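Visitor: I have a structure to look at and some terms I do not yet trust. Could you take me through what each label rests on?

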Amino acid sequence: LGLIGEKSAMGTLVETLDSEVELVVQSAITALSQIDEPAAIEPVLRFADHPDVMMRARVCTALGNMAADGTAMAALRRLEQDPEPAVADCARRAILNKTVKF
């Protein structure tokens with residue numbers, strides 16, 4: 001759904017974020033990041049403080065792919081300070097992705 005950029009799928013994807021299966025949630029986060037819709041940022045931010053390292057890294061990647069937004073950038077700056085090096089590195093790459101366009 002995200003790959004085709006179908007904005008009408010956003011509601012379904014946001015509902016999917018309530019799944020108890022983390023892989024399903026991670027997939028929904030990725031799909032939301034591929035829909036060019038600023039309203040998708042807030043639902044993704046729910047997982048910025050998730051205890052799982054992979055979930056926080058997925059949030060960083062998703063935010064880096066989403067439209068430039070002050071809220072997303074602030075979250076990435078905070079995640080850049082994550083105690084887990086993998087998350088902090090992912091946040092730095094996402095920030096770079098948002099600021100350097102070729």
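Visitor: What does the secondary structure of the protein come to, in helices and strands?

Guide: This is a predicted model, and the count in it is six helices and zero strands. Read from the N terminus, the order of elements is α-α-α-α-α-α.

Visitor: How much of the protein counts as buried?

Guide: Of its 102 residues, 42% count as buried. The accessible surface comes to about 5,700 Å², and carbon and sulfur atoms hold 56% of that surface.

Visitor: Which residues touch the most other members of the largest nonpolar core?

Guide: That core has 32 residues, and the ones touching the most other members are Ile 29, Leu 32, Val 44, Val 59, Leu 63 and Leu 79. At least two residues of the core come from each of α1 (10-16), α2 (22-33), α3 (41-45), α4 (53-65), α5 (70-79) and α6 (85-99). The helix that gives the most is α4, with six residues.

Visitor: What makes a group of residues a nonpolar core?

Guide: The members must be buried residues of certain kinds, Leu, Ile and Val among them, joined through side-chain atoms within 4.5 Å. In soluble globular proteins, nonpolar side chains tend to be buried together.

Visitor: Which residues does Leu 32 touch, leaving out those up to four places away in sequence?

Guide: Leu 32 touches Met 10, Leu 13, Val 14, Leu 17, Ala 40, Val 44 and Met 66.

Visitor: Which residues of α5 are buried?

Guide: In α5, the buried residues include Ala 72, Ala 75, Leu 76 and Leu 79.

Visitor: How do you know that the buried residues of α5 line one face of the helix?

Guide: Look down the axis of α5: its buried residues fall within an arc of 100°, so they line one face.

Visitor: Why is Asp 82 called buried?

Guide: Its relative accessible area is 13%. The label needs a value under 20%, so Asp 82 is buried.

Visitor: Where does Asp 82 lie, and what does its side chain pair with?

Guide: Asp 82 sits in the loop between α5 and α6. Its side chain is joined to the side chain of Arg 56 by a polar contact of 2.8 Å. A polar atom of the Asp 82 side chain also lies 2.8 Å from the backbone nitrogen of Glu 84. Beyond four places in sequence, Asp 82 is in contact with Arg 56, Val 87 and Ala 88.

Visitor: Why is His 50 called buried?

Guide: His 50 has a relative accessible area of 16%. That is under the 20% limit, so His 50 counts as buried. It is found in the loop between α3 and α4.

Visitor: What is His 50 in contact with, leaving aside neighbours within four places in sequence?

Guide: His 50 is in contact with Glu 22, Met 55 and Arg 56. A polar atom of the His 50 side chain lies 3.0 Å from the backbone nitrogen of Asp 52.

Visitor: How many disulfides does a search of the whole structure find?

Guide: The search finds zero disulfides. Cys 60 is in none, and its nearest cysteine sulfur, that of Cys 90, is 4.7 Å away. A disulfide needs two cysteine sulfur atoms within 2.5 Å, so a pair at 4.7 Å does not qualify.

Visitor: Are Cys 60 and Cys 90 buried or exposed?

Guide: Cys 60 has 0% relative accessibility and counts as buried. Cys 90 is at 8%, so Cys 90 is buried as well.

Visitor: What makes Arg 58 partly exposed?

Guide: Arg 58 has 26% relative accessibility. Partly exposed covers values between the 20% and 50% limits, so the label fits Arg 58. Its place is in helix α4.

Visitor: How far apart are the C-alpha atoms of Arg 58 and Thr 30?

Guide: They are separated by 7.3 Å, with their positions 28 residues apart along the chain counted as distance apart. The side chains of Arg 58 and Thr 30 make a polar contact of 2.8 Å.

Visitor: Why is Arg 92 called partly exposed?

Guide: Arg 92, in helix α6, has a relative accessible area of 38%, so it is partly exposed. From C-alpha to C-alpha, Arg 92 and Cys 60 are 8.6 Å apart, and in sequence they are 32 residues apart.

Methods:
Residues numbered from 1 in each chain as written. Predicted model: local features only at pLDDT ≥ 70, side-chain atom pairs only at ≥ 80, totals over all residues. Heavy atoms only, no water. Buried < 20%, exposed > 50% of the residue type's maximum accessible area, 1.4 Å probe, protein only. Helix = DSSP H or I, 4+ residues; strand = E, 2+ residues; numbered from the N terminus. Contact = heavy atoms within 4.5 Å. Polar contact = N/O pair within 3.5 Å; in protein donor to acceptor, adjacent residues only side chain to side chain. Areas by Shrake-Rupley, 256 points an atom, 1.4 Å probe, with all protein chains shown as cover. Arc of directions from axis to C-beta.
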